[in-house]
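Colleague: Please take a close look at one part of this model, the strand pairing, and then say what else stands out along the chain.

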Amino acid sequence: MAQKTSQTPTRKLTRAEVAKNNTEDSVWCIIDHKVYDVTDFLDAHPGGSVVLQQVAGQDATSAFYNLHRHEVLQKYQSLCIGTVEGEEPEVVDPRPGDLSTVPYGEPLWLTPAYKSPYYGESHRRLQRAVRTFVDEDIYPEAQEKELDGSYISQGLVDKMARNNMLAMRLGPGKHLHGRELMGGAVDPQEFDYFHDLIVAQELTRGMARGFQDGNMAGMMISLTAVRQWANDAALRDRLTHECLTGKKYMCLAITEAFAGSDVAGIRTTAKKTADGKHYIINGTKKWITNGMFADYFVTACKTEKGISVIIVPRDDNVETKRIKTSYSTAAGTAFIQFENVKVPVNHLLGKEDNGFIVVMSNFNHERWAITGQVIRWMRTVVEECLKWTHQRIVFGKPLITQPVIRQKLAKMISMTEACQSWIESITYQMCNMSYAQQSKLLGGPIGFLKSYSTRCAHEIADDAVNIFGGRGITQSGMGRVVEQFHRIYKFDAILGGAEEVLADLGVRQAMKQMPKAML
């Protein structure tokens, strides 16, 4: 991840001068032709003081890069006192917004010399703008919140409201019209599902899976349903304004302890009052993303003759309790209890007793976005493995020289590229279909894609840990990204519909299209 850095001091030092600074009172070393004075850093060094004393007065470039990434040097740039006389640094400092130069570190459309029929200049402008914003504003907070488990700050939400990042999370639509998107990077009326995919994939580069969901994921999968199915236009517009300006938060409350992918099994009830003007909501929901800090709950309820979806505002009769999961509590995952919550009937989405269609059609965008995000995680892990295998020296040779390692990398790259190509193919269909057509035709293909992608993530996570060894199960240092991915990729395999359920959905949808003449 690119970090902000200061300029390298212009002082020129000879290697002989550096060699003299090898005492307890003065410890210098050379890394990538730059000279570092680590005397005052000895006690603060995470790896202990002895390691630094062992390279005092020496060129520590090989030793450093065998254990660290270049970003560590950027973090401790203040320790640099100059460069070696007559020499120039070889490693380029990445800056916020930069593309990776590692092979397969970026999708092909962002890789020089490769072309794509799907992306134009507006997509490239948006990608640059979003990546810079992620590097400068989201990444630092994401790392902090993932560590301490606290929720997203209002300050960051306000920034995303001002640049209309919140609005873009919902995908294309009239809600974007009249807004300036990321400083004018893309015209709101030109914003399509490829722009949407860019936003989804770039946001994962905060590299904090709990915070990733805590960053308004609940709104992304619930306000879309409000926009599409609200019966009261004034209510729809008010909630849209409140959420897209960051004043209120919203989440989707479908899953229960008794009902996960089997939505028909929910037990939360909504009964009309005698005057027919309100619903009384009773029941519980579980594993609800952003539920801890949501102001509105788009809730699936059992009504008299079926399932209905109702917007439930938070009040004193709504109780939320935090659930600790494999990732950080920054996601705001909650257990929710509704006890005699009174809600006006105009908060109903779609038709009463016919809410199943609301839930199912809303799932497509959620599942597609989850898939795009896990594919970007897979690519980042591939990049980490390519870097590591070139840096790590084993038995006197880089790890990449081992054929078994290259075979693992080949499989990881192949799976990542296949998944990226597949999601781009489906995204093209989305760009050329109405909402109704997407609901009818893409549930199966998106289900297949999500199921396959998370199976690939399983393989990639497993191989990556083996490549990194002990570092692959350590939450800090070189292997921290791999450790996190191995711990959290299962969220994408479960959230929005489990792998097996979605694979079966794809087959069942195909069965409906089977021609009778072939039987």
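Modeller: Strand S11 (residues 318-322) pairs with strand S12 in the antiparallel sense, over 5 bridges. Strands here are DSSP runs of E with at least two residues, helices are runs of H or I with at least four, and both are numbered from the N terminus. Two strands count as paired if DSSP finds at least two bridges between them. One bridge takes Lys321 to its partner Phe335 in S12. S12 (residues 334-344) is also joined to strand S8 (residues 278-288), by 8 bridges, and these two run antiparallel. There, Gly283 has Phe338 of S12 as its bridge partner. In a regular strand, side chains alternate between the two faces of the sheet.

This is a predicted model, in which local features need pLDDT of at least 70 and side-chain atom pairs count only at pLDDT 80 or more, while totals for chains, interfaces and linings use all residues. Residues are numbered from 1 along each chain as its sequence is written, and side-chain values use heavy atoms, with hydrogens and water left out.

Elsewhere, the unreviewed UniProt entry places the feature "domain: Cytochrome b5 heme-binding" at residues 10-85; such positions follow the numbering used here, feature names are shortened, and annotations may be inferred rather than shown by experiment. Over residues 10-85 the chain is 30% helix and 25% strand, with the end C-alpha atoms 10 Å apart.

Another residue to find is Phe448, in helix H16. Phe448 counts as partly exposed because its relative accessibility is 31%, and partly exposed lies between buried (under 20% relative accessible area) and exposed (over 50%), with a 1.4 Å probe and protein chains only.
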